[in-house]
Every structure is written in structure tokens, then in C-alpha cells.
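Trainee: Got a few minutes to go through this one with me? I'd like to start with a single residue and work outwards.
Mentor: Sure, pull it up.

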Amino acid sequence: GALQTGPTKKNEESWIWAGGPARRFPETAVYEFTVQFGDPLELPVGRHGGAMFCASGPTSRWDPANRGYTIDWIDRQDGHGLRLIRQDGDGKTVNLQTGTPKIPDPPQVWRIEVTAYWIRCFGDGELLFQIEDSTYRGGFFGLWAYEGGQQLAITSASLGCVEPQPPPQPP
């Protein structure tokens, strides 16, 4: 079966957190999961949802006390594709990757490797981007779907149990 979140309601994201109760993951971890979005919606953002990792708490990405990273897919033209955003609490965010415009549809297999200094993001086995940022490490992992009827299914997941590849050397 699939782990599903949604359909969401207007002005309400839907969240699921790994563990029961939610558990903390180590500072160096790999999160790999298979994602399937429901049919595209007639929303300004289109398909929209993703994951939060290295989160300080199992709440939501907009909780003023929560900190960590979100990786998400968004269909809208501005920022289209996979984005990586650092959530610094109190509504403060830093866009680390503002989209992957050459990818028309969300990858099915997402892989996030978190090392001491790097975050590497893969889609369907291809390295899409790597970011040097070590602000947050360890913490909670959750998946979310945007409001307005969005559906997101996770059909397989391997979380925190695979060693990441050695980080690339800085330029």
C-alpha cells in the first residue's frame, strides 16, 4: 500500500511524519522515497508538495518555532520544479535552490543526502543539485501536500538507513 497525505482542504496543508511517534534522524542521513502526485489541480501553483528534513519539530514548515529544510515540487512558472528552502523560523526563509525549470514533471524517486557540509538532491537517480549548507543537521523528517485538494502518495521509502556518498570537494 501507499502512505498518502491529502486530499487537503482550502488553506490547510496535510502532513505526515516518519515514526510513530515521530522520531529524530541522525545528523548524516539519506532520505529516499517514491512520490506520486494526484492529478494536477486548477490551483495557481499546480502540483505542490514535498518533504521537510532536519526539522526541529514534527509540526509544519510554517510553524514559527520550526527550523530545517524543505524540498518541494511546484508547477507554477515562477520557481518551477524542485526547490530547496531553508526554514529559519519566525517566517524567515532562504531559497537555496529556486527550481529546476528543465524538468517538466516531478521525479518519481527523490533522494536527499545530508552530509556534514552538503545537501545533495537526486531525482530518478540523477544528481539535480548540491548545496553547501550546514545550518541544520539531524531532526525530524516529514512529507506534506499543499492545500486545495492536493494528493501525494509515497509508495516506498528508505529513510536515514543508507550511507551517503562522500561529499564533493569544494571548488
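Trainee: Is Asp88 buried or exposed?
Mentor: Keep in mind that this is a predicted model. Asp88 has a relative accessibility of 19%, and the cut-off for buried is under 20%, so Asp88 counts as buried.

Trainee: Where is Asp88 found?
Mentor: In the loop between strand S6 (81-87) and strand S7 (93-98).

Trainee: And what does the side chain of Asp88 make a polar contact with?
Mentor: With the side chain of Tyr136, at 2.8 Å. Leaving out residues up to four places away in sequence, Asp88 touches Asn66, Arg67, Val94 and Tyr136.

Trainee: Asn66 rings a bell. Which side chain does a polar contact join to that of Asn66?
Mentor: That of Ser56, with a contact of 2.9 Å. Ser56 lies in the loop between strand S4 (48-55) and strand S5 (68-74).

Trainee: What else is Ser56 in contact with?
Mentor: Setting aside neighbours within four places in sequence, Ser56 contacts Arg24, Ala65, Asn66, Arg67 and Phe140. The C-alpha atoms of Ser56 and Gly139 are separated by 5.6 Å, with their positions 83 residues apart along the chain. Ser56 counts as partly exposed, at 40% relative accessibility.

Trainee: Let me zoom out. How many helices and strands are there in the protein chain?
Mentor: 0 helices and 12 strands. Of its 171 residues, 50% count as buried.

Trainee: What about contacts between residues at least 6 apart in sequence: what share join residues at least 24 apart?
Mentor: In the protein chain, 64% of them do.

Trainee: And how much area does the protein chain expose?
Mentor: About 8500 Å², and carbon and sulfur atoms supply 48% of that.

Trainee: Okay, aromatics. How many aromatic pairs does a search of the whole structure find?
Mentor: The search gives 10. One of them is Trp15 with Trp17, which is stacked, at 5.1 Å centre to centre and 10° between the planes. Both of those tryptophans are buried.

Trainee: How about Phe25 and Phe141, what kind of pair is that?
Mentor: Their ring centres are 6.5 Å apart and the planes are at 75°, so that pair is edge-to-face. Phe25 and Phe141 are 116 residues apart, so to speak from distant parts of the chain: Phe25 is in the loop between strand S2 (14-17) and strand S3 (29-37), and Phe141 is in strand S11 (residues 140-145).

Trainee: Are those two buried or exposed?
Mentor: Phe25 counts as buried, at 5% relative accessibility, and Phe141 is buried too, with a relative accessible area of 2%.

Trainee: Which residues form one aromatic cluster with them?
Mentor: Phe25, Tyr31, Phe33, Phe53, Tyr69, Trp110, Tyr136 and Phe141 form one cluster. Tyr136 is the partner in the polar contact with Asp88 that we looked at earlier.

Trainee: What lies over the face of Phe25?
Mentor: Arg23 does, at 4.1 Å from the ring centre. Elsewhere, the charged end of Arg61 sits over the ring of Trp144, 3.8 Å from its centre.

Trainee: Switching to Ile119. Where is Ile119 found?
Mentor: In strand S9 (residues 118-123). Ile119 is buried, with a relative accessible area of 0%. Beyond the residues up to four places away in sequence, Ile119 touches several others, including Phe53, Tyr69, Leu84 and Phe129.

Trainee: Now cysteines. How many disulfides does a search of the whole structure find?
Mentor: The count is 0. Cys54 counts as buried at 4% relative accessibility, and Cys121 counts as buried at 0%.

Trainee: Last topic, backbone oddities. Which residues does a cis peptide bond join?
Mentor: Gly20 and Pro21, with omega about 10°. Pro21 lies in the loop between S2 and S3. Most peptide bonds are trans, and most residues other than glycine have a negative phi.

Trainee: What phi does Cys54 have?
Mentor: A positive one, about 55°, although Cys54 is not a glycine. Cys54 is found in strand S4. Asp124 has a positive phi as well, of about 50°. Asp124 lies in the loop between S9 and strand S10 (126-132), and counts as partly exposed at 48% relative accessibility.

How values were computed:
Residues numbered from 1 in each chain as written. Predicted model: local features only at pLDDT ≥ 70, side-chain atom pairs only at ≥ 80, totals over all residues. Heavy atoms only, no water. Phe/Tyr/Trp six-rings, centres within 6.5 Å; stacked < 30°, edge-to-face > 60°. Buried < 20%, exposed > 50% of the residue type's maximum accessible area, 1.4 Å probe, protein only. Helix = DSSP H or I, 4+ residues; strand = E, 2+ residues; numbered from the N terminus. Lys NZ or Arg CZ within 6 Å of the ring centre and 35° of its normal. Contact = heavy atoms within 4.5 Å. Areas by Shrake-Rupley, 256 points an atom, 1.4 Å probe, with all protein chains shown as cover. Polar contact = N/O pair within 3.5 Å; in protein donor to acceptor, adjacent residues only side chain to side chain. Disulfide = S-S within 2.5 Å.
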